[in-house]
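Work through these exercises with the model open beside you. Try each task before you read its solution.

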Amino acid sequence: MMRVARQVIRRAAVVGVLALLPALAGCSGSDLKDGPLRIRGGDAVVTMESKVGQMVAYGFNVMTNEGGSPITNLSAELVPAAEETGDGILFEPAVVVDIAALDTGYLGAGSWPAKEWSNHAKPLQGFEMTAASDGQVELFLVAKVTKDGQWLWPRTKVEYDYAGSHYAEEVTNGFAVCAPAPCTPRTSATASGG
């Protein structure tokens, strides 16, 4: 009798663990929301008029770590991804600027290098964002315009690691580039050069 009871308990334990595996697999490696990163900007598309050969910067996203531990492995991209929006604009690695280091305000968009901002820029890759008490950083996505066209990215996505979990935040802060001016960007999320 005791042997049968042990087998039933073992089988129930194995079935219980197997039932949990799909739920645990769903947590492992997936992007979570509601992490400690806060991105300010204002639900708007910032427009930059440009010309071929010019470097442009989009810096509308101001980030704060509201958690008690560092944020690491940051990456950022405009959505849809740059490779999906056509050729004519080449993105460089993203950079961040500590707002406290500046004597000026924020830069929504502009030519790059941009005065004081580029002097204080640090690569986003490898950047460790400390706790909220350390202030805010402005994210800059920098690109070179290589041919005439219009490009529109209506959203910005930032991914990062915090306290052993991976997070992804997507905000409706966007960027439009037009070369040559004047700018009449398409409102479609798939606008491309050409």
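The exercises below go from the whole chain to single residues.

**Exercise 1. Overview**

Task: State what kind of model this is, and describe the chain in outline.

Solution:
- Start with the origin: the model is predicted.
- Next, the secondary structure: the chain has 2 helices and 13 strands.
- Then burial: 39% of the 194 residues are buried.
- Turn to the surface: the chain exposes about 10,600 Å², and 55% of that comes from carbon and sulfur atoms.
- Finish with contacts: among those with a separation of 6 or more, 81% are between residues 24 or more positions apart.

**Exercise 2. An open sheet**

Task: Which strands form the open sheet with mixed pairing, and in what order?

Solution:
- The sheet holds 3 strands in the order 2-13-10.
- Its edges are strand 2 (45-49) and strand 10 (149-153), each of which pairs on one side only.
- From one strand to the next, the twist averages 10°.
- Now take one pairing: strand 2 and strand 13 (residues 174-179) run parallel and share 5 bridges.
- For a single partner, look at E49: its bridge leads to C178 in strand 13.

**Exercise 3. The faces of strand 1**

Task: Which residues of strand 1 lie on its covered face, and which on its uncovered face?

Solution:
- Strand 1 spans residues 37-40.
- L37 and I39 make up the covered face.
- R38 and R40 make up the uncovered face.
- Next, find the neighbour: strand 1 runs antiparallel to strand 3 (residues 55-65), joined by 4 bridges.
- R40 has V62 of strand 3 as its bridge partner.

**Exercise 4. Aromatic pairs**

Task: Classify the ring pairs W112–F140 and Y160–Y167.

Solution:
- The structure holds 5 aromatic pairs.
- Take W112 and F140: the centres are 5.1 Å apart, the planes are at 40°, and the pair is tilted.
- Locate the two rings. W112 sits in the loop between strand 7 (109-111) and helix 2 (115-119), and F140 in strand 9 (residues 136-145), so this pair ties together parts 28 residues apart in sequence.
- Check burial: W112 and F140 are both buried.
- Now Y160 and Y167: the centres are 5.4 Å apart and the planes are at 15°, so this pair is stacked.
- Y160 is buried, with 0% relative accessibility.
- Y167 is also buried, at 12% relative accessibility.
- Finally, look for a cluster: ring pairs link Y58, F91, W153 and F175.

**Exercise 5. Cis peptide bonds**

Task: Where do P113 and P180 lie, and what is omega at the bond joining each to its partner?

Solution:
- P113 belongs to the loop between strand 7 and helix 2.
- The bond joining W112 and P113 is cis, with omega about 5°.
- W112 also takes part in the tilted pair with F140.
- P180 lies in the segment after strand 13.
- A179 and P180 are joined by a cis bond too, with omega about 0°.

**Exercise 6. Positive phi**

Task: Are N73 and A163 buried or exposed, and what is phi at N73 and at A163?

Solution:
- N73 is not a glycine, yet its phi is positive, about 55°.
- N73 lies in strand 4 (residues 71-79).
- Exposed means over 50% relative accessible area. N73 has 52% relative accessibility, so N73 counts as exposed.
- A163 is not a glycine either, and its phi is about 50°.
- A163 sits in the loop between strand 11 (155-162) and strand 12 (165-171).
- Its relative accessible area is 63%, so A163 is exposed.

Conventions. Residues numbered from 1 in each chain as written. Predicted model: local features only at pLDDT ≥ 70, side-chain atom pairs only at ≥ 80, totals over all residues. Heavy atoms only, no water. Phe/Tyr/Trp six-rings, centres within 6.5 Å; stacked < 30°, edge-to-face > 60°. Buried < 20%, exposed > 50% of the residue type's maximum accessible area, 1.4 Å probe, protein only. Pairing = 2+ DSSP bridges. Axes fitted to C-alpha atoms, helices over the stretch in contact; angles between N-to-C directions. Contact = heavy atoms within 4.5 Å. Areas by Shrake-Rupley, 256 points an atom, 1.4 Å probe, with all protein chains shown as cover.
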